[in-house]
Amino acid sequence: MKFIFDRNTWQEIFGSISKNKTRTIITIVGVLWGIFIYIALSGAAKGMDNGFEKVFESVSMNSMFVWGQSTSMPYEGFKTGRPMQLKLGDVAKMENRIPEINNIAPRITLGNFGSDPVFTVRGQKSGNYPVNGDYPVYTKIATKQIFDGGRFINDEDILQARKVCVIGERNLQELFEKDEDPIGQFIRIGDVYFQVVGVHKLSQGVSFDNDNAIFIPFTTFQKLYNTGDNVDYFCIAAYDNVDVVQVEKDVKALLRNIHRVNPEDERAFGSFNLGEMFTRVSGFAKGMTFLSLVVGIATILAGVIGIGNILLISVKERTKELGVRRALGATPSEVRNQIILESVFLTMVAGVIGIILGAGVLSIINNLTKDLDFPYTNPTVPIPYVLGALLIMVILGTLIGLIPAQRAVSIKPIDALREE
């Protein structure tokens, strides 16, 4: 290892490199291009992955919606076109028969899906807003950020069918004075007064509700609007690492069985699988990362082979010089090590420059996408991955350097001195 720190070794390496600067620069560019492509593509894919994770951070990634539609096939004496009405009793049956389900939140609403919003009044201010009847479990599927001092619907609200509500930021702005504390105040929703117990913040990512949505206890909604056990739709969250597509199929199959629907009728119940969409996006990002790795390694390998070819040419040009060194007592290992060190040095220089350029491109992309309404955040490549890529380059540079090094060692001093 002493030869690495020998000044004469490096003088010879730099002397060799400087003899044909254009050829050296082209060789380095060929190698750095590989690690640059890997960092740029992999970082870009990670930025997309981070962006979608941020968009979905307020909802369960394995969540889905299921609602009733109309039958499209006759069954057991029932005609086509029978409307499907989900019931509260469906919840317990799904939880008992589909173990992959983590949480189920039955929801009932006014002001969504074609129904009219509810006229809401507070003092001299009023507006028409959607009203949702919910259980506390809903926040385990769709996180609700509540301003300090407030809360969401709790179990006691459900048991006692309390007339309490959680309003949104827009409700707060339109019904209350600026800087007025709404907690504990009363608003009239329809013909009934409700006490405000919380204000939910507007979600920056995917949200199931608008910033003007009002939440009241499910049981209170039942009594006020005489909805009985009817449910408009279910929000369902499966456990992590389960097949959300299969869970969706199992849920709809069970609902068809419960409501006596033809097992082949796919139109009786509608659904939207958020987990499936997230899985597809995540799979695309992983595919991009893998593609960048394959392309990057292939380009690095091509560039490193180029270094080997350049060093073979260099050895050929330095045949007489190497012969003189051998005649003056240089051992084969000293000659071999110098050629290998030159190969590793060129590879390292190319790798570091490629990393710097790749990081610069990712920084530019990050700055350009900061204010865009697009799910893209913090395009980066983990440091261990970068160091791993650099290590691969060094290993390849060492291996490819063995070829010209062996060629240099095979030169006999007497033959070299005759070389013209």
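pLDDT is the predictor's confidence in each residue, on a scale from 0 to 100. In this predicted model, the chain averages a pLDDT of 83, and 86% of the residues score at least 70. Confidence is highest in helix α5 (residues 155-160), with a mean of 96, and lowest in helix α13 (residues 413-418), where the mean is 59.

Helix α8 makes a good place to look more carefully. Its 15 residues (244-258) should span 21 Å at 1.5 Å a residue, and the end C-alpha atoms are indeed 21 Å apart, so expectation and model agree. At the N-terminal end, Asp 243 acts as a cap, with a side-chain oxygen 3.1 Å from the backbone nitrogen of Val 245. After the helix comes Arg 260, which has a positive phi near 55°.

Several residues of α8 are buried, among them Val 244, Val 247, Val 251, Leu 254, Leu 255 and Ile 258; the buried set also includes Glu 248, Lys 252 and Arg 256. Val 251 ties the helix to the largest nonpolar core, which has 58 residues; Val 251 is listed with Met 94, Cys 165, Ile 189 and Ile 236 as having the most contacts inside that core. Beyond its sequence neighbours up to four places away, Val 251 touches Val 66, Met 94, Ile 98, Ile 101 and Ile 236. A second, separate core of 21 residues includes Ile 35, Ala 350, Val 381 and Val 386.

The loop between α8 and β13 (269-273) holds His 259. With a relative accessibility of 15%, His 259 counts as buried, because the cut-off is under 20%. Apart from neighbours within four places in sequence, His 259 contacts Arg 82, Met 84, Gln 85, Leu 86, Lys 87, Asp 90 and Phe 269.

Terms used:
Residues numbered from 1 in each chain as written. Predicted model: local features only at pLDDT ≥ 70, side-chain atom pairs only at ≥ 80, totals over all residues. Heavy atoms only, no water. Helix = DSSP H or I, 4+ residues; strand = E, 2+ residues; numbered from the N terminus. Expected span 1.5 Å × (residues − 1). Buried < 20%, exposed > 50% of the residue type's maximum accessible area, 1.4 Å probe, protein only. Polar contact = N/O pair within 3.5 Å; in protein donor to acceptor, adjacent residues only side chain to side chain. Core = buried A, V, L, I, M, F, W, Y, C linked by side-chain atoms within 4.5 Å. Contact = heavy atoms within 4.5 Å.
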